[in-house]
Amino acid sequence: MPVTYASLVNGTATYASELEKGIAQARAGLGKDHPVRIGTEICAEVDQWHEEWSPIDNTLLIGRFGWATAEQTQRALTAASAAFTLWSKVDVAERIDILRRTADRLERDRFVLAGQIVLEAGKTPAEALAEADEAPVFLRLYCDEFERTNGFRTEMPADADNESNVSVMRPYGVWAVISPLNFPLALATGPSAAALVTGNTVVVKPSPAGQLAATVLRDALIAEGLPPNALTVLTGGAEVGAAITSSPLLGGVTFTGSYAVGSAIATALAPHSKPVVAEMGGKNPTIVGASADLDAAAEGIARSAFGYSGQKCSACSRVFVHESVYDELKKKLVERTEAMTVGDPSTEAVSVGPVINAAAGERFTAAVDEIVGAGGVVLAGGTVISEAPYDRGTYVRPTVVEAPSDARAWRDELFLPIVAIKSVSTLEDAIRQANDSDYGLTAGIFTKDEAEIAEFLDAIESSVVYVNRRSGSTTGAWPGRQPISGWKHSGNTGRGTAGPHYLQQYLREQSRTVISED
């Protein structure tokens, strides 16, 4: 059974030895050069190398990655377009077999993959193992769904005995996957699997903080029989992403990241009628009712707000607590937060690792200073840890604040381990304030009142909602269990990742009428 984000509440002591070995093996494989590669061609002409350093230790080189030029990007897209002609005609059963074998390979290597994620993303071993286990789940889920639906082929009524009408779904061509830093393996694997199983070819542009994971995925797919040009990884900065999304060869894009970038991509491609599947963050609320189990609420909020240092689109960042239990919940949340250990997750048992880089640390300091300057109060945390042994990464203390109502902590996605709490007098007011956001990704409530649960489920404006979830008040969605579509600025299609309607976004409908002659 895979380790899920929800099952982390039980810890990973069972896997401690395997994880330790996996981290050591992953560490031994770091520091290599990864030139630009287009199919089987390794491009010797690298104009610029990007050194990716580990967030847990800025002296630990993840690797040197060749950054693609505009010309190399165009060559990769041209190669992917040519490969599409062949890949889209490969029998579906063969495509599925390749992807399922890749899932088996990733599963066999789960502890080394987890070690790589610890070192590249700065996750705790438990969070990293869950991500390593999530990747093969994505592959198998989309294969199963495409089989179950017969590729979405539907027989339609005919007007005559010699006429046949059928609706089929056809791939677009070259599909770009722009993957994020926070789930570098899972969120490169999921969209790539969806695009490949439906017959598209793929160009992956990973975050500069997640380049190793993308190359590992590419190598695993090719090792299991994927034609090399059917999936290309192009490492580079924003200029590579712009070259991909502006290419006339592009069929569609899946993007995970900020609303600003995602909406810009969607706007740019709209005149060309090219589909964009975008998940663009959240400002996720948790409501605590008067009847709530406050220990469960405090644990669920802390796990959600501070897991992976708050660097999840689904992280809880706003908490609305009924005034009758506000002081007690605040006390429990502060105690739980202050008990969390911060440190290098590769060498010690910690609750919270580093933020991704120094820029994130600067954003953290600026956010805390703004809250305090506006009259807010830091209840726990609020500081960057700069003394040894924390001076080789950017480590910040998980932070609970009471902030003025107009503070950015209530409005903007900070992508940091900061959660703001306030008291409310009614559930109606809590829901109103929870919904007063441009985002609508995830939300949670703790209450024993069935009427409150029903009201919350009916009125909350979020695509994924949790009730009394101790393992994470707003986090922990798993492929095939909780589809994430994103409402409002959090998403643009209304069809959830890893849900029953997701794969169709990678396809377009074709109606076929065939008249047979006597």
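This text walks through the nonpolar cores, a mixed sheet, two helices and a hairpin of a predicted model.

Start with the cores. The largest nonpolar core has 130 residues. Within this core, Tyr142, Ile287 and Val288 touch the most other members. Helix α5, residues 125-148, supplies the largest share, 12 residues. A second core is separate and has 23 residues. Its members include Ala68, Ala176, Ile244 and Leu269.

Take Tyr142 as a way into the largest core. Which residues does Tyr142 contact, leaving aside its neighbours within four places in sequence? One group is Gly190, Ala193, Ala194 and Val197. The other residues in contact with Tyr142 are Thr497, Ala498, Tyr502 and Leu503.

Now turn to the sheet. It is open and has 7 strands. The order is β15-β18-β19-β14-β13-β21-β22, and the pairing is mixed. Strand β15 (377-380) and strand β22 are the edges, each pairing on one side only. With direction ignored, neighbouring strands are turned by 25 degrees against each other on average. One pair inside the sheet is β13 with β14 (residues 316-322), parallel over 5 bridges. There, Asn284 has Cys316 in β14 as its bridge partner.

Thr442 sits in another strand of this sheet, β21. Is Thr442 buried or exposed? Its relative accessibility is 2%, so Thr442 counts as buried. The side chain of Thr442 reaches the backbone oxygen of Thr474 at 3.0 Å. Beyond its neighbours within four places in sequence, Thr442 is in contact with Asn284, Pro285, Ser314, Ser462, Val464 and Thr474.

A helix packs on these strands. Helix α14 lies across β13, β21 and β22. Against β22, α14 runs at about 170 degrees. Its residues are 450-459, and Glu452, Ile453 and Phe456 are buried. These three cover an arc of only 100 degrees around the axis, which puts them on the same side of α14. The general geometry fits: an α-helix has 3.6 residues a turn, so residues three or four places apart point the same way. What covers the buried residues of α14? The cover includes β13 (284-288), α13 (427-435), β21 (442-446) and β22 (464-467). The face turned away from the buried side carries the exposed residues Glu450, Ala451 and Asp458. At the start of α14, a side-chain oxygen of Asp449 comes to within 2.8 Å of the backbone nitrogen of Ala451.

Helix α8 can be read in the same manner. It spans residues 238-245, and its buried residues are Val240, Gly241, Ile244 and Thr245. They cover an arc of only 125 degrees around the axis, which places them on the same side of α8. Among the elements covering them are the helices α2 (70-87) and α9 (259-269). The strands β8 (174-179), β9 (201-206) and β11 (250-256) are also part of that cover. Ile244 also belongs to the second core.

Last comes the hairpin. Strands β4 and β5 form it, with 2 residues between them. β4 (residues 49-54) runs antiparallel to β5, and 6 bridges join them. His50 has Phe65 in β5 as its bridge partner. Strand β5 (residues 57-66) also pairs with β1 (residues 32-34). This pairing is parallel and has 3 bridges. Asp33 stands opposite Arg64 in β5.

Terms used: Residues numbered from 1 in each chain as written. Predicted model: local features only at pLDDT ≥ 70, side-chain atom pairs only at ≥ 80, totals over all residues. Heavy atoms only, no water. Core = buried A, V, L, I, M, F, W, Y, C linked by side-chain atoms within 4.5 Å. Buried < 20%, exposed > 50% of the residue type's maximum accessible area, 1.4 Å probe, protein only. Helix = DSSP H or I, 4+ residues; strand = E, 2+ residues; numbered from the N terminus. Contact = heavy atoms within 4.5 Å. Arc of directions from axis to C-beta. Polar contact = N/O pair within 3.5 Å; in protein donor to acceptor, adjacent residues only side chain to side chain. Pairing = 2+ DSSP bridges. Axes fitted to C-alpha atoms, helices over the stretch in contact; angles between N-to-C directions.
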